[in-house]
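Trainee: Could you take me through one part of this model closely, strand by strand? I would like to see how the pairing works there, and then how that part sits in the whole.

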Amino acid sequence: MVRRYGGKTQDGVSVDSLIEGARSIVSVIYGHIYFPTYSNGLKDIATFLGYRWSTEEPSGQRSLLLRHRWEIEGSTTVKQELIAYNSDDCGALELVVKTIEQLIPVDAALLHPDAVLVDSLKPQLPYRLGPVDFVLPELDYINKCAYWDYQRDRIYVRSNPRVRRAARRKQRGSRHSLRVNKTFTPSRPWKCPKCDSRKIAKVGRHSKVLYDLRFSAGGVRRWITKYVIDHYRCGTCSLSFPSDEYEWTRHRYGLQMLAYVIHSIIEVHIPQLKVSQNVNTLFGYRLGQPSINRLKQRATEIYRETYDDIKNTLLNGKLIHADETHLGTKRGAGYVWVFTSMEEVIYLWSTTRDGDVAKDFLGGFDGVLVSDFYSAYDSIPCAQQRCLIHLIRDLNGEVLKEPFNEEMKELVHEFAAVLRPIIETIDRLGLKKHFLQKHKRSVTCFYERLLAREYGTEAGRKARERFRKNRERLFTFLDYDGVPWNNNNAEHAIRAFSGLRDVIQGFSNERGIRDYLMLLSICQTCVYRGLDFLGFLRSGEKRLNEYTRKRTV
Ligand SMILES: [Zn+2]
């Protein structure tokens, strides 16, 4: 430009001095000034500072295009636009430079009110929650000494009287000085239980305290029982025996406590940690995580038979709904399967979504299996009913995807025309094969029409193939009493599991998950049968069937 137009601008300024005086503003900003923008681009920074371009969406590329158009067309409006754009850029740059000049303070007191010196910022990034690996053991020790509990219990106690009092209160609570509500004194045996000899002698005494709860109408309270047991020895056969035997005394906590804890976790979905907090606050016990774990394991041992009962009833029944859902855990992912009838629910855990899980469980079942269209169920050798709601939703989706696909629309219309009267019959008369079989003719007609027709579109062909492939699994319910045409029953059970999902997810080991699912199976079966799960747990009855029988008698 100097060669073409000489070394002076229109205003008589030397071009050389302009070039020499040029500064890269980016190099001033980069690494020194951090605007709250995503880039150091002029558009970002100037827009943040409040500059507004006269054109919408200004961009450097667009200016190249404008220049090109102007060269070809010579249009003055294009030229005006280009000049406006360039002068906007200059204005924006000017604003940025002025701001920077204000930002750089002569002394800290003159700092721009919206700016903060980087050095004065509190570093936040290196800190995080959770354990830190320290290079030196000394650092580890120092870090541990900063823990909240440690400082309160060891350090502040020495200097702060209020903290000292709080610590003393905490200690007092932890001493098991809870009042005993009832004491069972030992009975006095007069003969040996084995040889009937009367030459028996008391050789010792011990007592056992059982921590429990007591439910009353509208309330629950702490209930502590003390059992005093004498030890005897037979002088004739030298048998050692206790004066009394109590079923629950080998445990620290009683059955009502077990019921309360299991109910809280499984039915109300309270995480284990919170349950222990809840029990400790309300009842003054010191029920820790290990105790809760033991209670849960004890429950799975007590109710193992009930679980098997439910499973056998389900497998010997006429109807099973199946569904499965994904579950991510700490250690990895797996699947929760649900198998349910109208009255029984069984949850299973597996690490794969393999069809073998369903096949193994359903081995020997010869009722009707209701499921969605997941192919894992295809190979199960019993009568099957696919969920028609799933099918309808899929077909609806296809029609929405291709709104001008007339043959698809027609196919869906025809299917709906077959299904609607069937649903009306069910609505009026229930799931009775006597009434439903009358609809089989219209189903046959539907299939004859469908299979005789050639489909021109991909979607049409796919839908036809799906109907053909599942011919034996779409209208099975017409031949049975009480077989639903959808899988809502299983989906409902899956939802019941979802409530427990967050509680289980924190658990990494497989056994923990299986325990949860076993207890949840019993809980959900109670719900399906209209029974009170907590009531069953509290009853002391091990078998659900027995509990039901006693209640109905
Ligand atoms: Zn004896």
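Mentor: Happy to. Let's begin with a hairpin: strands S5 and S6 form one with 4 residues between them, and in its turn Gly332 has a positive phi of about 160°. Keep in mind as we go that this is a predicted model, so every value here is computed from it.

S5 covers residues 319-328 and S6 covers residues 333-340; the two pair in the antiparallel sense, over 8 bridges. To find the register on screen, look for Thr325, which stands opposite Val336 in S6. S5 has another partner too: 3 bridges join S5 to strand S8, residues 368-371, and these two strands run parallel. Leu319 is a good place to look for that pairing, with Val368 as its bridge partner in S8. As background, side chains in a regular strand alternate between the two faces of the sheet.

Now put the hairpin in its setting. The domain assignment gives domain 1 as 2-110 and domain 2 as 318-539. The centres of domain 1 and domain 2, taken over C-alpha atoms, are separated by 65 Å. The overall dimensions are worth having beside that: along its principal axes the C-alpha trace spans about 135 × 90 × 40 Å. The radius of gyration of the protein is 39 Å, whereas a compact globule of 553 residues would have one near 24 Å.

One residue of S6 leads us inward. Val338 is among the residues with the most contacts inside the largest nonpolar core, which has 78 residues; Leu258, Val261, Ile262, Leu519 and Leu520 are the others named with it. Taking Val261 from that group, and leaving aside residues up to four places away in sequence, you will find that it touches Val275, Ile292 and Leu295. In soluble globular proteins, nonpolar side chains tend to be buried together. For the protein as a whole, buried residues make up 20% of the 553. Of the contacts with a separation of 6 or more, 59% are between residues 24 or more positions apart.

For a second hairpin to set beside ours, go to S2 (residues 200-216) and S3, which run antiparallel and are joined by 16 bridges. There are 2 residues between these strands, and Gly218 in the turn has a positive phi of about 80°. Ser216 stands opposite Gly219 in S3. S3, residues 219-234, is also joined by 3 bridges to S1, residues 182-184, and that pair runs parallel. In that pairing, Phe184 has Tyr227 as its bridge partner in S3. S3 pairs with S4 (residues 240-242) as well, in the antiparallel sense over 3 bridges, and Tyr232 stands opposite Phe241 there. The S3 and S4 hairpin has 5 residues between its strands, with Ser238 at a positive phi near 55°.

Finally, a helix, since the protein has 24 helices alongside its 9 strands. H16 (residues 406-429) offers a neat geometry check: at 1.5 Å a residue its 24 residues should span 34 Å, and its end C-alpha atoms are 35 Å apart, so the two agree. Met408, Leu411, Leu419 and Ile422 are the buried residues of H16, and what covers them includes helices H15 (388-401), H17 (433-436) and H19 (458-469). Right after H16 comes Gly430, with a positive phi near 85°.

Key
Residues numbered from 1 in each chain as written. Predicted model: local features only at pLDDT ≥ 70, side-chain atom pairs only at ≥ 80, totals over all residues. Pairing = 2+ DSSP bridges. Domains from an automatic or database assignment. Core = buried A, V, L, I, M, F, W, Y, C linked by C-beta atoms within 7 Å. Buried ≥ 20, exposed ≤ 12 C-beta atoms within 10 Å, placed from the backbone. Contact = placed C-beta atoms within 7 Å. Rg over C-alpha atoms; globule rule 2.2 N^0.38 Å. Expected span 1.5 Å × (residues − 1).
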